[in-house]
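Hi,

Here is the structure I promised to pass on to you. Have a look at it first, and then read on for what turned up.

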Protein chains: 2
Amino acid sequence: MAEKKPSIHDIAKAAGVGVGTVSRVLNERANVAEATRTKVTAVMERLGYRPTFAARHIRTGRSQLFGFLTDQVTTTPFAHDLIKGAQARARQADRMLLVIDADGDDRVRAQAVANLIERGVEGIVYAAMFHHEVHVPKALHEVPAVLVDSFSSARDFPSVVPDEVLGGRMATERLLADGHRRIAMVTNDFLTTGYPAAVGRLEGYTQALADAGVAFDEALVREGSGNADSGYRWTHDLLDIDDPPTAFFFGTDRMAMGAYFAFTERGLHVPDDVSVVGFDDQHYIADALRPALTTMALPHAAMGRWAIDHLLTAPWGDDRSPPQRRLPCPIVERGSVGPVRPAQGATPERSLTGRR
Amino acid sequence: MAEKKPSIHDIAKAAGVGVGTVSRVLNERANVAEATRTKVTAVMERLGYRPTFAARHIRTGRSQLFGFLTDQVTTTPFAHDLIKGAQARARQADRMLLVIDADGDDRVRAQAVANLIERGVEGIVYAAMFHHEVHVPKALHEVPAVLVDSFSSARDFPSVVPDEVLGGRMATERLLADGHRRIAMVTNDFLTTGYPAAVGRLEGYTQALADAGVAFDEALVREGSGNADSGYRWTHDLLDIDDPPTAFFFGTDRMAMGAYFAFTERGLHVPDDVSVVGFDDQHYIADALRPALTTMALPHAAMGRWAIDHLLTAPWGDDRSPPQRRLPCPIVERGSVGPVRPAQGATPERSLTGRR
């Protein structure tokens with residue numbers, strides 16, 4: 001194993017024919033004498049030449065490859081769901097994915113797109129690892145491309161993202177359904193970022209309250225940073241206000257994890273004393289908390305599938321308004337939501353037992 | 001954008017020359033008349049033909065592609081570190097990775113290897129997502145291949161895995177260094193699986209105790225299943241024994257996470273009352289616990305780099321004993337280990353305050 005593979009030129013030389021002839025044999029064209037075909041085939045056999053996709057690619061102009069370009073793969077555990085969804089769909093359609101992790105840097109991303117195009121990819125999935133606006137390399141316009149968990153400001157590419165507003169609404173409605181009216185919300189990022197996951201989930205929360213006739217109370221809302229520590233600190237802070245919340249909606253499961261530590265320090269039990277809904281359905285966190293966390297699942301696998309499905313419909317012609325698709329974030333019911341207790345909100349001593 | 005790409009045959013037809021001539025122009029061969037070269041180039045320009053890697057591949061016999069085959073990507077958050085390590089090294093060497101997620105099934109894996117070989121990959125990284133023996137498709141012998149986080153029983157492929165024994169030893173030594181002698185160990189899987197991460201980490205624990213002159217006490221060892229619930233239950237169980245442990249070494253960070261909930265229920269504070277070392281350095285868990293968890297990092301990125309580095313040295317000739325490399329698991333110091341207290345182990349009431 002592991003010898004240098006013979007090229008088409010090696011075959012041509014050894015068979016004493018031209019490269020064009022070898023190409024015709026490879027491509028099963030009719031215009032080759034049978035004796036020549038036999039000779040070339042024998043040489044291929046002898047030299048261990050294995051016709052590759054490259055020959056088929058040259059012949060058909062189709063690589064049967066899609067590029068899959070990601071950013072920030074390292075900072076998120078979600079990449080694999082996205083890649084897996086895309087991959088499964090691509091495999092069904094007899095395509096393979098050329099995956100590039102183009103972390104962070106504009107220059108790296110532009111180079112990655114150029115490399116993918118040079119490889120003859122039939123399309124590119126440009127996947128961000130959290131929902132935000134992206135500034136894509138110009139070269140991305142040269143092939144069919146779909147933005148995943150991201151969008152361009154010009155909306156000049158098809159895009160598929162989670163429906164953050166609907167997710168925030170559903171999470172809040174779940175808590176309302178169990179009788180909670182004092183529902184805190186901690187956003188998963190600062191609102192000044194403008195990130196749809198921060199702004200949208202809060203918007204959904206606001207809508208759900210309004211629909212239920214519950215007055216919005218800004219004393220119940222905090223801007224979190226997404227991590228466990230932020231959830232821990234804001235939970236303690238919210239438990240110290242007058243008329244504290246009986247339920248919490250966190251913009252990430254990680255913040256809910258931090259909150260669990262705060263609740264335990266206060267002697268509060270989920271869901272008997274306090275109800276919680278998270279967001280992300282993060283592997284090994286949402287299902288590992290005690291009790292396991294009710295949360296909103298991000299549609300990563302579905303977004304990956306949608307992207308490949310859409311690429312498979314290319315070419316799209318002169319579509320001036322490519323689809324901007326939002327996919328719902330389904331609720332995953334576990335054990336962190338329970339009915340509000342009549343006495344809740346009126347026992348201040350319960351929030352004074354713990355330590356900080 | 002997104003029109004069907006012209007093939008080399010389209011170019012040949014439009015230029016009124018043979019495919020071999022187009023191939024020679026593409027490959028910058030000398031034996032083409034200048035007028036012909038000009039004509040072919042003009043046609044390529046007019047039809048928007050973009051010479052791809054396919055042509056270079058045909059010419060040189062080198063695809064500059066490595067295959068990256070994974071299993072069980074979906075069940076682990078580690079895949080991205082492995083892929084990222086491999087990818088970064090491949091990029092430096094001007095190679096790209098063709099990534100296939102061949103989950104679970106032998107048939108899918110064999111097909112994936114066949115596809116990669118058909119694509120002309122120069123080598124294959126066969127990456128398992130946890131350390132275990134793998135039964136690889138026969139076709140893997142047809143190209144240079146490296147097993148990552150896995151090995152073949154025949155040891156007939158180069159392999160790179162974490163040094164589980166050394167990791168278990170270092171974790172235990174960390175606790176011994178702070179004066180702990182009653183150190184519990186909960187394995188990350190059942191020992192009957194034979195998985196190196198379960199057996200090896202326990203072996204390292206045993207070695208470290210022996211070197212420190214601490215008698216092995218089987219009352220302190222439990223076979224866990226790796227998840228948070230297992231850590232939670234065994235922690236309660238171990239706290240109920242006579243002369244309970246003052247320190248815990250868990251074979252996964254997830255079990256340590258479960259243990260934290262058990263400690264809090266018992267009114268025990270980490271690291272004042274009890275010390276903990278985990279294993280995996282799992283994103284969003286090890287750093288999110290309160291206090292953050294001291295743990296052993298799995299060398300995923302380093303294994304990915306090693307695999308590519310080794311592939312780049314192929315062909316290897318008739319090597320009958322390919323390298324079986326173990327990489328160390330570095331300790332990540334956080335806040336979960338503290339000095340043993342003189343009174344520890346003699347206050348049974350402290351383990352009776354919590355609830356189950």
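Let me start with a small puzzle: in which strand of chain B does B:Asp149 lie? The place is strand 4, residues 145-151. Please keep in mind that this is a predicted model. The backbone of B:Asp149 deserves a look, since phi is near 55°, a positive value in a residue other than glycine. B:Asp149 is also buried, with 29 other C-beta atoms within 10 Å.

There is a second aspartate to set beside it. B:Asp94 has phi near 60°, again positive in a residue that is not glycine. B:Asp94 sits in the loop between helix 5 (79-92) and strand 2 (96-101) of chain B, and with 8 other C-beta atoms within 10 Å it is exposed.

While we are on the backbone, here are two cis peptide bonds. One joins A:Arg290 and A:Pro291, with omega about -5°; A:Pro291 belongs to the loop between strand 9 and strand 10 of chain A. Another runs from B:Ala314 to B:Pro315, where omega is near 5°. B:Pro315 is found in the loop between helix 11 (300-312) and strand 11 (324-327) of chain B.

Now for the overall layout of chain A. The domain assignment splits it into domain 1 (65-157 + 300-327) and domain 2 (164-293 + 334-351). Taken over C-alpha atoms, the centres of these domains are 33 Å apart. Contact between them involves four residues of domain 1 and six residues of domain 2. On the domain 1 side, the touching residues are two nonpolar and two polar, with no charged ones.

Strand 1 (residues 65-70) of chain A is next. Six of its six residues are buried, so the strand is largely enclosed by the rest of the structure. A:Leu65, A:Gly67 and A:Leu69 cover one side, while A:Phe66, A:Phe68 and A:Thr70 are on the other. Strand 1 runs parallel to strand 2 (residues 96-101) of chain A, joined by six bridges, and A:Thr70 is paired there with A:Asp101. Five bridges link strand 1 to strand 3 (residues 123-133) of chain A, also in parallel; in that strand, A:Tyr126 is the bridge partner of A:Leu69.

What about the nonpolar core? The largest one has 178 residues, and A:Val125 and B:Val125 touch the most other members. Beyond its sequence neighbours within four places, A:Val125 contacts residues including A:Phe66, A:Phe68, A:Val146 and A:Leu311. Another core, of 13 residues, lies apart from the largest, and A:Ile8 and A:Leu26 are among its members.

Chain A also has an open sheet of six strands, in the order 7-6-8-9-10-12 and with mixed pairing. Strand 7 (221-223) and strand 12 (331-332) stand at the edges with a single partner strand each, so one side of each has no neighbour in the sheet. Helix 7 (residues 164-177) packs on this sheet, and its direction makes about 165° with that of strand 9. Helix 8 (residues 196-211) packs on the sheet too, touching strand 6, strand 8 and strand 9, at about 170° to the direction of strand 6.

Last, a glycine where the two chains touch: B:Gly20, in helix 2 (residues 19-26) of chain B, touches A:Gly18, A:Val19, A:Gly20 and A:Ser23. B:Gly20 is buried, with 22 other C-beta atoms within 10 Å.

Enjoy exploring it!

Notes:
Residues numbered from 1 in each chain as written. Chains lettered and ligands numbered in written order. Predicted model: local features only at pLDDT ≥ 70, side-chain atom pairs only at ≥ 80, totals over all residues. Domains from an automatic or database assignment. Contact = placed C-beta atoms within 7 Å. Nonpolar A, V, L, I, M, F, W, Y, C, P; charged D, E, K, R; others polar. Core = buried A, V, L, I, M, F, W, Y, C linked by C-beta atoms within 7 Å. Buried ≥ 20, exposed ≤ 12 C-beta atoms within 10 Å, placed from the backbone. Helix = DSSP H or I, 4+ residues; strand = E, 2+ residues; numbered from the N terminus. Pairing = 2+ DSSP bridges. Axes fitted to C-alpha atoms, helices over the stretch in contact; angles between N-to-C directions.
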